[in-house]
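Hi,

Here is the structure I said I would pass on. Have a look at it first, and then read my notes below.

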Amino acid sequence: MDHGRVPELPEVEALAAFLRENAVGHVLARADLASVQAIKTFDPPLSALGGLEIAGASRHGKFLDLDVSGLHLVVHLARAGWLHWRTGLPTAPPKPGKGPLALRVHLESKDGTPPNGFDLTEQGTRKGLAVYVVRSPSEVPGIARLGPDALEVDRELFAALMAGRSGQLKGALTDQTLIAGIGNAYSDEILHAARLSPFKGADKLKDDELVRLFDAMRATLTDALDRQQGQKAATMKGEKRSGLQVHARTGLPCPVCGDTVREVSFADTSLQYCPTCQTGGKPLADRRMSKLLR
Ligand SMILES: [Zn+2]
């Protein structure tokens with residue numbers, strides 16, 4: 001299982017900030033595709049970006065958006081994707097193949113030094129990293145469907161979104177069409193900070209619980225963002241892990257109360273929680289575990 005590695009709002013926001021500092025104002029010389037399945041669009045072609053100046057870098061939910069003089073290079077890093085800043089890139093195009101490299105972006109050198117750029121990589125065999133070249137970010141279906149951003153939603157809107165949503169809190173927080181930017185790791189952290197069960201119904205929250213959840217969402221995401229900002233893109237993943245209280249910490253003591261962090265497993269994912277902090281001390285049913293014990 002790939003615990004805690006999926007880039008979510010704080011990581012993608014930090015990558016955008018990093019690119020604003022290091023890539024904006026530079027001319028994109030060339031983009032080399034190393035993994036054919038990563039590109040999801042064909043018009044305009046990737047080659048259309050060559051020779052254009054990078055005008056901005058931003059984030060939509062968990063999507064990274066590079067504004068290249070009005071064209072947009074949009075990236076979804078998926079499960080195990082990352083962006084690596086490179087100084088002094090080799091000019092020879094990368095060999096397409098089975099390695100982790102999906103796309104290499106070369107910037108034009110400004111003063112005769114070897115050109116910088118970045119690699120988009122993805123580990124593992126289940127490839128999900130997606131690259132789009134579009135005229136407007138809203139042409140990307142995943143962006144068009146996004147709900148309001150988790151850092152922009154206010155308390156009233158948040159309450160209305162939850163009240164209108166049936167089903168469990170864990171699913172509501174990670175549904176990008178409801179609220180954009182939160183994934184498996186930060187939803188575990190938010191629910192722990194709010195002292196709420198991941199299985200509680202989103203539309204069953206009392207007023208004080210809604211306030212706790214909203215405040216926990218803001219605090220968890222802004223704390224993570226503060227930790228990420230200013231770090232080198234290459235080292236951000238490790239930092240994400242060090243700030244976690246329950247996510248990917250099954251069997252370890254809860255930093256708040258000392259109880260043992262527990263896990264519920266699903267087909268291809270899992271959640272972690274603290275029984276004392278979140279579920280009145282009662283362990284949640286884990287279908288996989290009860291199946292094994294039957
Ligand atoms: Zn606890």
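Let's start with one pair of residues: the bridge partner of Leu28 is Leu52, in E2. Before going on, a word on what you are looking at: this is a predicted model, where local features need pLDDT of at least 70 and side-chain atom pairs count only at pLDDT 80 or more, while totals for chains, interfaces and linings use all residues. Residues are numbered from 1 along each chain as its sequence is written, and side-chain values use heavy atoms, with hydrogens and water left out.

**The sheet**

As for the labels, helices (H or I, at least four residues) and strands (E, at least two) are DSSP runs, numbered from the N terminus. The Leu28 pair belongs to strand E1 (residues 27-33) and strand E2 (residues 52-60), which pair in the antiparallel sense over two bridges; two strands count as paired if DSSP finds at least two bridges between them. Val27 stands opposite Glu53 in E2. E1 also runs antiparallel to E6, joined to that strand by five bridges, and in E6 the partner of Ala31 is Val105.

Zoom out and you get an open sheet of eight strands in the order E5-E7-E6-E1-E2-E3-E4-E8, paired antiparallel. Its edges are strand E5 (81-86) and strand E8 (130-134), each of which pairs on one side only. On average, neighbouring strands here are turned by 25° against each other, direction ignored. (For angles, axes are lines fitted to C-alpha atoms, for helices over the stretch in contact, and values run from 0 to 180 degrees between N-to-C directions.)

Helix H1 (residues 9-22) lies across E2, strand E3 (63-68), E5, strand E6 (101-107) and strand E7 (117-122), running at about 160° to E2.

**Two loops with odd backbone**

Most residues other than glycine have a negative phi, and most peptide bonds are trans. With that in mind, Asp43 and Pro44 are joined by a cis peptide bond, with omega of about 0°. Pro44 sits in the loop between E1 and E2. Ala78 is not a glycine, yet has a positive phi of about 60°; you will find Ala78 in the loop between strand E4 (71-76) and E5. Ala78 counts as buried because its relative accessibility is 14% (buried means under 20% relative accessible area, exposed over 50%, partly exposed in between, with a 1.4 Å probe and protein chains only).

**The helices**

Helix H3 (residues 155-163) packs on helix H6 (residues 207-228) at an angle of about 115°, with their axes 10 Å apart. From H3, Arg155, Phe158, Ala159 and Met162 meet a set of H6 residues, including Leu210, Phe214 and Met217; contact means heavy atoms within 4.5 Å. After H3, Gly164 lies in the loop leading to helix H4 (169-174), and Gly164 counts as exposed because its relative accessibility is 67%.

How many of the 10 residues of H5 are buried? Eight are, so H5 is largely enclosed by the rest of the structure. Ser187 belongs to this helix, which covers residues 184-193, and counts as buried at 0% relative accessibility. Not counting residues up to four places away in sequence, Ser187 touches Lys170, Leu173, Thr174 and Ile182. Just after H5, Arg195 takes a positive phi of about 55°; this residue is partly exposed, at 47% relative accessibility.

**The zinc site**

Which residues hold the zinc ion? The protein donors are Cys254, Cys257, Cys274 and Cys277, each through SG, lying 2.2 to 2.4 Å from the ion. (Donors are N, O and S atoms within 2.8 Å of the metal, or 3.2 Å for Na, K and Ca; water is not among the atoms, so sites may look incomplete.) Along the chain they follow the spacing C-x2-C-x16-C-x2-C. The four donor atoms subtend angles of 96 to 115° around the zinc ion, so the arrangement is tetrahedral. (Four donors count as tetrahedral if all angles lie between 85 and 135 degrees; four count as square planar and six as octahedral if opposite donors are over 155 degrees apart and all others between 65 and 115; anything else is irregular.) Cys274 and Cys277 are both buried.

Pro253 is in the loop between helix H7 (236-242) and strand E9 (262-265), and is partly exposed with a relative accessible area of 47%. Pro253 and Cys274 are 21 residues apart in sequence and 8.7 Å apart in space, C-alpha to C-alpha.

Cheers
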